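Please look through the structure below with its sequence at hand. The paragraphs after it go from one part to the next, with attention to what is buried and what is exposed.

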Amino acid sequence: MTEIRNLLIGLEIGETFSQVAFYDRRMRDAVCISTRAGKEQPAFPTSLCRLYADQEWHFGREAEYFAARGEGERVPDLYRVFCSEQPVLSGGERYEPWELMAVFIRESLELLGVYDVLGNMKGLMITTPVLDRLFARNVTRAMESLLGRTTGYSVQDRLESFYYYCISKNLDTIRRPVCLLEMDDHAAQLHMLTGNSERMPITATVRPLARTVLAGSDAEKDEALLSYLRENLDDTGFAAAYILSDGFSGERYPLSAQYLTERGRRAFAGSNLFVKGACFAAREKSEPGRTKNILFLSKDLVRVNIGAEMLVDGERSYFPVITAGSNWYDNARSFEMIPARQDRITFRVSGMEDGYEGSFAIDLPGMPSRPEGAGRLLVEADCPSGEECEIRVKDLGFGGLYPASGKQWKKRIPLSREAGETVAAELAGRLCALPAAEIPYQIASIGADASSLEEICFFLYHYPELIDSEILCEDLCTWFEEELGLRELAKTVRAALYEGNDLAGCIFPIFRAAGYIAETGDEDYRRTLRVLMKDSRIVRMKKKGDALAGYGKYISALGVYRTVVKNVDEKKEDPVFMASLYHNMGAVYMQMLLYEESLDSFKKAYIRFHTRESLKTYLTAAAIARPKSKYEEILKTMHVDDAMREEIDRAIAASLRYEEPAEKKDPEEVVKTLMAQYRSAAGLPGINA
């Protein structure tokens, strides 16, 4: 061959023999490579043999030669190995099927005689008699090991190669049926290529017909074959026939040959149709255009779209998960998202041909309870066959803010109308802009780390009171740059910091990079920041304590509250503010089971702001912290009426009511959870930090 760059290659891997071809741009045709000098003999055995002497692999005719001489160990039934996931032992070593396939593909392509054929290859199509997931998966892993990427190659069955061969010869081919006759001495089978030109895009299909048995003398076989052809082809108006057979000839089957060529019909015989069709398919997939208005509806083609309504870059849009119009073995997607609901994810389904639309949901039982938007899911979808797809969901947690539970869910969905259920379509969630960083960013104020841009945004949006120079700093810009690859964002935030911009000037570029905040929430958040910046230092400190308490950082919150008490002049301060401060301190003490301190704080809150609610809170704490006799004395001293006593009794009874947990928990997991809660409350870093 003369071409050495941008090679378009077809490789047929058959059960017993294989072939390789390349697309000749000058001739505008596929050319098969002969395996023997001076002879047109493109087929070579589907065989691998490992020599005993040097442990080198040989393939094709060489493999058969060395195995026959006893100089090496031949891999038995190599094609079956390619269609399996069971490893093979050779020379005392273990080989995965994809490793052997990589050897066979590499050696097959070397027949082209081009230096660095893989490096100069633009497109490769591998075709095989029957395509299943294991064969397709082994091709993928083999090509990844050879190329280091998942693009530039594909795989299809022989019938799709037949379609590409026919369409490459004449685009009008599908306007009249074309038949493929596969036969040997004992049986024959027809396949019909037909098209529907009444719609756009034009659709084409290859439909297998019933197989027939051939027996008896050549004359009897000829009559049986003629009867089979008439029965299936008389009413089709077929324009041409392609015959794949080693034994068919006009002399041996005169009646059948005459039928196939009468009325100006053409008949072609040969053994390289499929490898050439694969070569034309490689051209079409690498340099698309010729068949852009034709859609081939193979049996492997997915006929429905499955996707979800997602926020992508802040805009609500349809996000495809399984795409109609592509083969099931090529249909796989993996992405990370923040769910809109904690109990389920809703997907949309639509038919490619009939316009059908529906939806279905994947329920997520056992998902840990977290604030809205504080969870990250890994969603993986692929098609185990042409009849169904499988969607798998895994809880990734939310960095150090909310640890992963490790829970997983999966659901199989039929690739048909049956996929739709009576579930209303709704927003599934937010698409994560980038993968999580390997090295997280430490948020010092809450003693937790963030591994993604979305986690940083969640903290900034939900805890504006905790934003300080320890999070908005040069270290954050460096993290954006080095861990997430967001150089422009790092540059923008760094400039805002050095120019002394207000909080909004530093924060909103981060939100925009993640598509985190919609226009409706933009002004609300700006208003929150403006109010926060107008507050006095004491008020801001108190809000910081409230935010820490809300996040469960009780010791840190108490430290802030005590600093406020120490620095405030109570005589000049608003009594409502002081009551709120002491009430929140009391609530934190109560969470830490420090009942005396809690009671003292609630009493101070009531003294500073006499309301029925503050009195009720103080008395409830007294009922818990004091013996019953002392509690009764307090009730008398405070002149508490019967109605309030009953309210307090009901509240305490409700808090003491025990409910059997829905599922039993592993004691070790309970201990780990309690340790994590303690460290969180104490403001300590996580166990794995």
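Arg158 and Glu12 are both buried in this predicted model. Their side chains meet in a salt bridge, with 2.9 Å from N to O. The pair links distant parts of the chain, since Arg158 belongs to helix 5 while Glu12 belongs to strand 1 (residues 7-13), 146 residues apart. Side chains of opposite charge can pair when their charged atoms come close.

Helix 5 covers residues 158-169, and its 12 residues should span 16 Å at 1.5 Å a residue. The end C-alpha atoms of helix 5 are 17 Å apart, which agrees. Of these 12 residues 11 are buried, so helix 5 is largely enclosed by the rest of the structure. Among the buried residues are Arg158, Glu160, Phe162, Tyr163, Tyr164 and Tyr165.

The salt bridge of Arg158 has company: a search of the whole structure finds 38 salt bridges. One of them joins Asp157 to Lys299, the closest N and O atoms being 3.5 Å apart. Asp157 lies in strand 11 (residues 153-157) and Lys299 in the loop between strand 18 (294-296) and strand 19 (304-312), so this pair ties together parts that are 142 residues apart in sequence. Are the two partners buried or exposed? Asp157 is buried, because its relative accessible area is 3% and the cut-off is under 20%. Lys299, at 54% relative accessibility, counts as exposed, because the cut-off there is over 50%.

Asp77 and Arg80 also meet through their side chains in a salt bridge, at 3.4 Å from N to O. Here Asp77 is partly exposed, with a relative accessible area of 43%, and Arg80 counts as partly exposed at 47%. Elsewhere, salt bridges that share partners join Glu380, Asp382, Glu388, Glu390, Arg392 and Arg412 into one network.

Gly375 is found in the loop between strand 23 (357-363) and strand 24 (376-382). Is this loop residue buried or exposed? Gly375 is buried, with a relative accessible area of 8%. Leaving aside neighbours within four places in sequence, Gly375 is in contact with Met337, Ile338, Pro339, Arg370, Gly397 and Phe398. From Gly375 to Arg341 there are 34 residues in sequence and 9.8 Å in space, C-alpha to C-alpha.

Further along the chain is helix 15 (residues 554-567), whose 14 residues should span 20 Å at 1.5 Å a residue. The end C-alpha atoms of helix 15 are 20 Å apart, in agreement with that value. Which residues of helix 15 are buried? They are Tyr554, Ala557, Leu558, Val560, Tyr561 and Val564. These residues cover an arc of only 165° around the axis, which puts them on the same side of helix 15.

Ser601 has its place in helix 17 (residues 595-608). At 4% relative accessibility, Ser601 counts as buried. Not counting residues up to four places away in sequence, Ser601 touches Tyr582, Met585, Gly586 and Tyr589.

The last stop is on the surface. Leu593, Tyr595 and Ile624 form a nonpolar patch there, with about 270 Å² of accessible area together. Ile624 belongs to helix 18 (residues 612-625). With a relative accessible area of 39%, Ile624 is partly exposed.

Conventions. Residues numbered from 1 in each chain as written. Predicted model: local features only at pLDDT ≥ 70, side-chain atom pairs only at ≥ 80, totals over all residues. Heavy atoms only, no water. Patch = residues over 30% accessible without salt bridge, like charges linked within 9 Å, V, L, I, M, F, W, Y side chains within 5 Å. Areas by Shrake-Rupley, 256 points an atom, 1.4 Å probe, with all protein chains shown as cover. Salt bridge = Lys/Arg side-chain N within 4 Å of Asp/Glu carboxyl O. Helix = DSSP H or I, 4+ residues; strand = E, 2+ residues; numbered from the N terminus. Buried < 20%, exposed > 50% of the residue type's maximum accessible area, 1.4 Å probe, protein only. Expected span 1.5 Å × (residues − 1). Arc of directions from axis to C-beta. Contact = heavy atoms within 4.5 Å.
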